[in-house]
Amino acid sequence: MRSQNRSRRLSRGPIGLAAACAALFITTIVVAQTVPQLSGPAEKMGSVPAKPMPKWIVDDVRKMRAYPDQPPVIPHSIEGYQLSVNTNRCLSCHKREFTESSGAPMISVTHYMTREGQMLADVSPRRYFCTACHVPQADVNPLVENTFRDMSEMGVEHIGEQEH
């Protein structure tokens, strides 16, 4: 029995080939008209001077946290600190056994726990890359104005401060 494939029959011969070429040509023109140029503007691109790098706040003063459970910011320079799978310079001062000699605050006990709350002898692998949560601060103006107001500024009293 012969094949019933009509597309194969249409592509045979000069008429089918001409129709396929015409369809491809028209499709190429339509796509070329709708795709934007990726090479940029035709005129020569000028050079723009870069803004100076911000100065890091390196006063080693602990900053007050803006909300509960906020990771503390890094109050010192971390330029040149190696942070990789094999090395974490932060832990050379902030790990539990080194805080007495370094004077640095100890990392939270939560950094020694698994997701299930099981205590570990060493820092949990999911808490190993410090800069995923903790960041140094730069002396710059904020990009967006902060309108946060603490509960105490809104007239909410703490438990125990109410008069009976």
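Reader: Which residues make up the largest nonpolar core?

Author: Happy to start there, with the reminder that this is a predicted model. The core has 5 residues in all. Its members are Leu91, Ile107, Tyr112, Val123 and Tyr128.

Reader: Leaving aside its neighbours within four places in sequence, which residues is Tyr128 in contact with?

Author: Tyr128 belongs to the largest nonpolar core, and two of its contacts, Leu91 and Val123, are listed in that core too. With neighbours within four places in sequence left aside, the full set is Leu83, Ser84, Val85, Asn86, Thr87, Asn88, Leu91 and Val123.

Reader: Is Met119 buried, partly exposed or exposed?

Author: Good one to check on the model! Met119 lies in the segment after α4 (99–102), and it joins Met106 and Val109 in a nonpolar surface patch of about 260 Å². Buried means under 20% relative accessible area and exposed means over 50%. Met119 has 42% relative accessibility, so it counts as partly exposed.

Reader: What pattern does the protein follow along the sequence?

Author: The protein has 4 helices and 0 strands. Read from one end of the sequence to the other, the pattern is α-α-α-α.

Reader: What percentage of the residues in the protein are buried?

Author: Let's look at the surface before the inside. The protein exposes about 15000 Å², with carbon and sulfur atoms supplying 59% of that area. Of the 164 residues in the protein, the buried share is 11%.

Reader: Among contacts with a separation of 6 or more, what percentage is between residues 24 or more positions apart?

Author: This one concerns pairs separated along the sequence. For the protein, residues 24 or more positions apart account for 43%.

Key. Residues numbered from 1 in each chain as written. Predicted model: local features only at pLDDT ≥ 70, side-chain atom pairs only at ≥ 80, totals over all residues. Heavy atoms only, no water. Core = buried A, V, L, I, M, F, W, Y, C linked by side-chain atoms within 4.5 Å. Buried < 20%, exposed > 50% of the residue type's maximum accessible area, 1.4 Å probe, protein only. Contact = heavy atoms within 4.5 Å. Patch = residues over 30% accessible without salt bridge, like charges linked within 9 Å, V, L, I, M, F, W, Y side chains within 5 Å. Areas by Shrake-Rupley, 256 points an atom, 1.4 Å probe, with all protein chains shown as cover. Salt bridge = Lys/Arg side-chain N within 4 Å of Asp/Glu carboxyl O. Helix = DSSP H or I, 4+ residues; strand = E, 2+ residues; numbered from the N terminus.
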